[in-house]
Amino acid sequence: MIAPKLDERQTTALGRLPTIKADIKDSETATLILGLPSELLIEILRHIDGRSILRCSCVCRKLKRVIDSSTELQYLIELALDCMLDGPQSTASVAERLEQLQNLRRAWILFEWKKEVRVPMPGFCHAYELVGGVFAKTSSSVGGHNQPGPRKFISSWLPSSSDPGHTLVRADIGVSTRDFAIDPSQDLIALVQSDNNFMNDSSHTEVHMRTISSNVKHPEASSPVLRTLTLSAMTSAFIQIVDDVIGMMFWMELERPHITIWNWKTGQTLVDRDGDDLPTHISDFSFISNRAYMITRGINGGSIQVFTFGDNEHEITHVANLSLPPLKSRSHLVHCAIHTGPFVAKCLPNTPFWTNQDERIYVLSVQYIQVDPDIPSARPRFFLFFKNSTPLRYIQRYREQRETSYIEVPWEEWGPRESRMLNHQVPYQWLRYVHGHRVVFPLLSGSMQVLDFNLRKTKRHVFPPQPDSKASIEIIDYPTTILSDCIFPGPVETSLPYRVSRRDELKGFSGVMIDEQRLIGLRSPSFADGDMGDLYVFAF
């Protein structure tokens, strides 16, 4: 820990203090606590979370004075307000970390990046990822997506406001790949082997566990390869890494979806559910944590189903169903995709702080259809945004109340207060448009804006606008309404607050990705059979 340790005399004195019964109504107890030296009060307070420290500062003038005077306590408060966690010990002092955190917050709130850099990324793009400041892609010397799985792997540690970045190119990683996932904080890459590798054994799909840095078997993986049964050709797949687990949702010819989750360190299968075990009308899948996930369903108006799982295949629990807005008769949900930012297991080296993995926004992309012959055909699309705290709250409630069946949550109970529904203007061409509580949102004008759902109304989050600012910033802290008479029986009102930031420099991109410190613009269309070109990095 970066705070100075108590010396032996202070530790001895602390051990001799009488046991105090915590009762806020007992004025003698309060007096005894407040009578402690400031150094001991700081030592006590530094062991609670930042938001609790902030609440303590409202108790009395002495606590406020003590908290305001401590750089470390102020740093913990600022981390909590920005949904961040402290990084590993380094040469940077607490005061220096606090200054870096405040500068990063100021840059995002004012939407003023410090540096623009173009990073060459030539060649075709078959699969790609953006995690922990690393953009990676698989490529081949031959264009077209009907070619055998590529074996070339490029990973670029993107420039930041203080680091120039670097790129690593491997001409042949030894595996023809369909897809991959990475976690740079664990030096981990999971390579999904393409179907053309399985001429002699077509009944399994293999996932190879390698290191990004040296392309060898990952030292923490008990087995270099994970396998899942695939009796026919795989038509599409999506793979994710969350700490010690890897999950993959995939489809096979003439088959319903299949979800497999492994503990990649032990090689054990934790979840293995196919069409017979999964509910019908599944659209998509996303992790909530390394022991919980969601699936989206398109039947009966649509829902988000929440599951937890344990360390074997028999510990899967259906926790909750969160209903989407009710529909008119003959209206149906035909598409329901879900996306969130990537997970990393720990703070990256030489990084002072990192995003709390439990603090994230999810983006639900939904499309409806009205099949009433007396109503003109309509296929409206919408985006629905909600925080990770919503499914986590129902997981906690399920465990605390020891429910015996899943919790049915109607839209009226969670949607109006805990989500925001917006009209779908332009489809996303590139993924990784979400990080933490920030979302890149494309507009019909061809520009991009950033929505920040971590909206704080404190003096710490107010910065005077700069007279020469190029940014347009707006706060949406009031309810908005979606009107679609052909789909919904009435107006759909939602109220999750957010900040909108725009700049003209973000026009002309086919997509913009986002991470903790950057926006990354791409000119080429997604999966184009041609040169991907440069990445346009805007570093905050």
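This tour moves through a predicted model, from a pair of helices to two groups of strands and the loops beside them.

**Stop 1: helix 5 and helix 6**

Begin by selecting residues 61-69, which form helix 5, and show the side chains of Leu-63, Val-66 and Ile-67, which are buried. Viewed down the axis, these three cover an arc of only 95°, which puts them on the same side of helix 5. Next, colour Arg-61, Arg-65 and Ser-69: these exposed residues sit on the face of helix 5 that is turned away from its buried side.

Now add residues 71-81, helix 6; its axis and that of helix 5 come within 5 Å and cross at roughly 90°. The two helices are therefore roughly perpendicular to each other. To inspect where they meet, display Ile-67, Asp-68 and Ser-69 from helix 5 together with Thr-71, Leu-73, Gln-74 and Ile-77 from helix 6. The residues of this contact comprise three nonpolar, three polar and one charged. Ile-67 thus appears twice at this stop: it is buried in helix 5, and it takes part in the meeting with helix 6.

**Stop 2: strands 11, 12 and 13**

Select residues 245-252, strand 12. Seven of its eight residues are buried, so strand 12 is largely enclosed by the rest of the structure. Bring in residues 234-242, strand 11, which pairs with strand 12 in the antiparallel sense over eight bridges. To locate one of these positions, label Ser-236, whose bridge partner in strand 12 is Trp-251. Then show residues 258-263, strand 13, which runs antiparallel to strand 12 and is joined to it by six bridges. Here a useful landmark is Gly-247, whose bridge partner in strand 13 is Ile-261.

**Stop 3: Asp-243 and Ala-345**

Return to strand 11 and strand 12, which form a hairpin with two residues between them. Centre the view on Asp-243, which lies in the loop between these strands. What is the sign of phi at Asp-243? It is positive, about 60°, although Asp-243 is not a glycine. For comparison, most residues other than glycine have a negative phi. Asp-243 has a relative accessible area of 30% and is therefore partly exposed.

From Asp-243, move to Ala-345, in the loop between strand 19 (331-340) and strand 20 (353-355). Which residues does Ala-345 contact, leaving aside its neighbours within four places in sequence? They are Asp-183, Ser-185, Gln-186, Asp-243 and Trp-354. Ala-345 counts as partly exposed because its relative accessibility is 24%. A distance between C-alpha atoms may also be drawn from Ala-345 to Asp-272, 73 residues away along the chain; the separation is 23 Å.

**Stop 4: Arg-402**

Select Arg-402, found in the loop between helix 8 (389-400) and strand 23 (407-409). This residue also is not a glycine, yet its phi is positive, at about 50°. Is Arg-402 buried or exposed? Its relative accessibility of 73% makes it exposed.

**Stop 5: the sheet containing strand 26**

Finish with an open sheet of five strands, in the order 25-26-27-31-28, with antiparallel pairing. Strand 25 and strand 28 (472-476) are the edge strands, each pairing on one side only.

Select residues 438-442, strand 26. Five of the five residues are buried, so strand 26 is largely enclosed by the rest of the structure. In a regular strand, side chains alternate between the two faces of the sheet. Turn strand 26 to follow its side chains: Arg-438, Val-440 and Pro-442 point one way, while Val-439 and Phe-441 point the other way.

On one side, show strand 25 (residues 434-435), which pairs with strand 26 in the antiparallel sense over two bridges. Among the positions to label are His-435 and its bridge partner in strand 26, Arg-438. Strand 25 and strand 26 form a hairpin with two residues between them, and Gly-436 in the turn has a positive phi of about 55°.

Then add strand 27 (residues 448-452), which pairs with strand 26 in the antiparallel sense over five bridges. Val-439 has Leu-451 as its bridge partner in strand 27. The hairpin of strand 26 and strand 27 has five residues between the strands, and Gly-446 there takes a positive phi near 90°.

Key
Residues are numbered from 1 along each chain as its sequence is written. This is a predicted model: local features need pLDDT of at least 70, side-chain atom pairs count only at pLDDT 80 or more; totals for chains, interfaces and linings use all residues. Side-chain values use heavy atoms; hydrogens and water are left out. Buried means under 20% relative accessible area, exposed over 50%, partly exposed in between (1.4 Å probe, protein chains only). Helices (H or I, at least four residues) and strands (E, at least two) are DSSP runs, numbered from the N terminus. The arc is that of the directions from the helix axis to the C-beta atoms. Axes are lines fitted to C-alpha atoms, for helices over the stretch in contact, and angles run from 0 to 180 degrees between N-to-C directions. Angles under 35 degrees count as roughly parallel, over 145 as roughly antiparallel, 65 to 115 as roughly perpendicular and the rest as oblique. Contact means heavy atoms within 4.5 Å. Ala, Val, Leu, Ile, Met, Phe, Trp, Tyr, Cys and Pro count as nonpolar, Asp, Glu, Lys and Arg as charged, and the others, Gly among them, as polar. Two strands pair if DSSP finds at least two bridges between them.
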